[in-house]
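Visitor: Please pick one spot in this structure and take me through it closely. Then follow its contacts outward, step by step.

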Amino acid sequence: ERLRHPSAPFTTSQLQQEAFRKLRFPAKKTMFLAQRLYEGVEVGDDGLVGLITYMRTDSTRVSKEALEAVREHIQQQYGGDYLPPRPLTYPNKKGAQDAHEAIRPTAMDYKPERVAPFLEKDLLALYRLIWNRFVASQMKPAKIDQTSVDIAAADTLFRATGSVLKFPGFT
């Protein structure tokens with residue numbers, strides 16, 4: 001059995017890397033869209049709403065209020081089995097500026113499904129990426145049963161590895 005732990009909430013460079021890897025957005029496009037999400041988007045009767053925290057940060061720190069809100073969301077959405085006993089914290093890289101929090105949704109009230117009608121496709125895709133990473137960062141790790149078999153044939157050694165998901169955790 002092995003554990004696969006969730007990743008920390010996004011820093012600027014991690015957001016750019018993941019947006020390129022998953023969405024094929026170049027860094028410039030990612031930052032342009034993140035700036036729009038930060039400055040605010042018209043969300044129906046709520047008016048102009050800033051959907052994410054400041055997007056230029058190298059900190060993984062999250063406010064106490066945001067941790068309480070995401071833990072409540074996880075409890076309601078997924079149940080207590082997915083919620084660690086205490087909020088998870090992540091170390092910052094050496095020399096990181098800690099002036100701003102990690103990149104995260106400003107409020108758990110603005111689920112991606114709720115804001116989808118008001119966001120264009122790319123804006124929604126980036127928001128969903130930020131949302132999912134933040135929620136996952138506060139969930140229990142996934143448990144995986146992994147089996148490896150070594151097979152010796154003549155002078156050659158073959159290895160077969162398989163894994164079975166035991167508990168999905170943050171995945």
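Guide: Start at threonine 60. Setting aside residues up to four places away in sequence, threonine 60 touches Ala8, Pro9, Thr11, Tyr90, Pro91, Asn92 and Ala102. This is a predicted model. Threonine 60 sits in the loop between β3 (48–49) and α3. Its relative accessible area is 9%, so threonine 60 is buried. One contact has a polar component: a polar atom of the threonine 60 side chain lies 2.9 Å from the backbone oxygen of tyrosine 90.

Follow Tyr90 to the next residue. Tyr90 is also among the residues touched by proline 6. Proline 6 belongs to the loop between β1 (2–4) and α1. With a relative accessible area of 8%, proline 6 is buried. Beyond four places in sequence, the other contacts of proline 6 are Leu88, Ala136, Ser137, Met139, Pro141 and Phe170. Take Ser137. Proline 6 and serine 137 are 131 residues apart in sequence, yet their C-alpha atoms are 5.3 Å apart in space.

Ala136, another contact of proline 6, leads into helix α5, where Ala136 is one of the buried residues. Helix α5 runs over 121–136. Does its length fit? The 16 residues of α5 should span 22 Å at 1.5 Å a residue, and the end C-alpha atoms are 22 Å apart, so the two agree. The buried residues of α5 are Leu123, Leu124, Leu126, Tyr127, Leu129, Ile130, Trp131, Arg133, Phe134, Val135 and Ala136. They pack against α1, α2, β2 (41–42), α3 and α4 (112–115).

Now the nonpolar core. In soluble globular proteins, nonpolar side chains tend to be buried together. Here the largest nonpolar core has 41 residues. Within it, Leu15, Leu37, Leu51, Ile52, Leu119, Leu126 and Tyr127 touch the most other members. Helices α1 (12–23), α2 (27–39), α3 (64–78) and α5 each supply at least two residues of this core. The largest share, 10 residues, comes from α5.

Leucine 51 gives a close view of that core. Beyond four places in sequence, leucine 51 is in contact with Leu37, Val41, Arg104, Pro105, Thr106, Tyr110, Val115, Leu119 and Tyr127. Among these partners is a charged one, Arg104. Arginine 104 is at 8% relative accessibility, so it counts as buried. The side chain of arginine 104 meets that of glutamate 101 in a salt bridge, 2.7 Å from N to O. Glutamate 101, at 17%, counts as buried because the cut-off is under 20%.

Go back to α5 for a second charged site. Leu129 and Arg133, buried residues of α5, are touched by glutamate 18. Glutamate 18 lies in helix α1. Apart from residues up to four places away in sequence, glutamate 18 also touches Phe10 and Leu23. Its relative accessible area is 15%, so glutamate 18 is buried.

What pairs with glutamate 18? Arginine 21 forms a salt bridge with glutamate 18, and the closest N and O atoms are 2.9 Å apart. Why are they placed about one helical turn from each other? They are 3 residues apart in helix α1, so about one turn separates them. The two ends differ in exposure: arginine 21 is exposed, with a relative accessible area of 53%, whereas glutamate 18 is buried at 15%. Lysine 22 also forms a salt bridge with glutamate 18, with closest N and O atoms 3.3 Å apart. Lysine 22 and glutamate 18 are 4 residues apart in helix α1, about one turn.

Side chains of opposite charge can pair when their charged atoms come close. The structure holds 10 salt bridges. One network of salt bridges links Glu1, Asp145 and Lys166.

Last stop, the aromatic rings. There are 4 aromatic pairs. Tyrosine 78 and tyrosine 82 form a tilted pair, 6.2 Å centre to centre, with 50° between the planes. Ring pairs link Tyr78, Tyr82 and Phe167 into a cluster. Tyrosine 78 is partly exposed, with a relative accessible area of 41%.

Technical notes. Residues numbered from 1 in each chain as written. Predicted model: local features only at pLDDT ≥ 70, side-chain atom pairs only at ≥ 80, totals over all residues. Heavy atoms only, no water. Core = buried A, V, L, I, M, F, W, Y, C linked by side-chain atoms within 4.5 Å. Buried < 20%, exposed > 50% of the residue type's maximum accessible area, 1.4 Å probe, protein only. Contact = heavy atoms within 4.5 Å. Expected span 1.5 Å × (residues − 1). Salt bridge = Lys/Arg side-chain N within 4 Å of Asp/Glu carboxyl O. Polar contact = N/O pair within 3.5 Å; in protein donor to acceptor, adjacent residues only side chain to side chain. Phe/Tyr/Trp six-rings, centres within 6.5 Å; stacked < 30°, edge-to-face > 60°.
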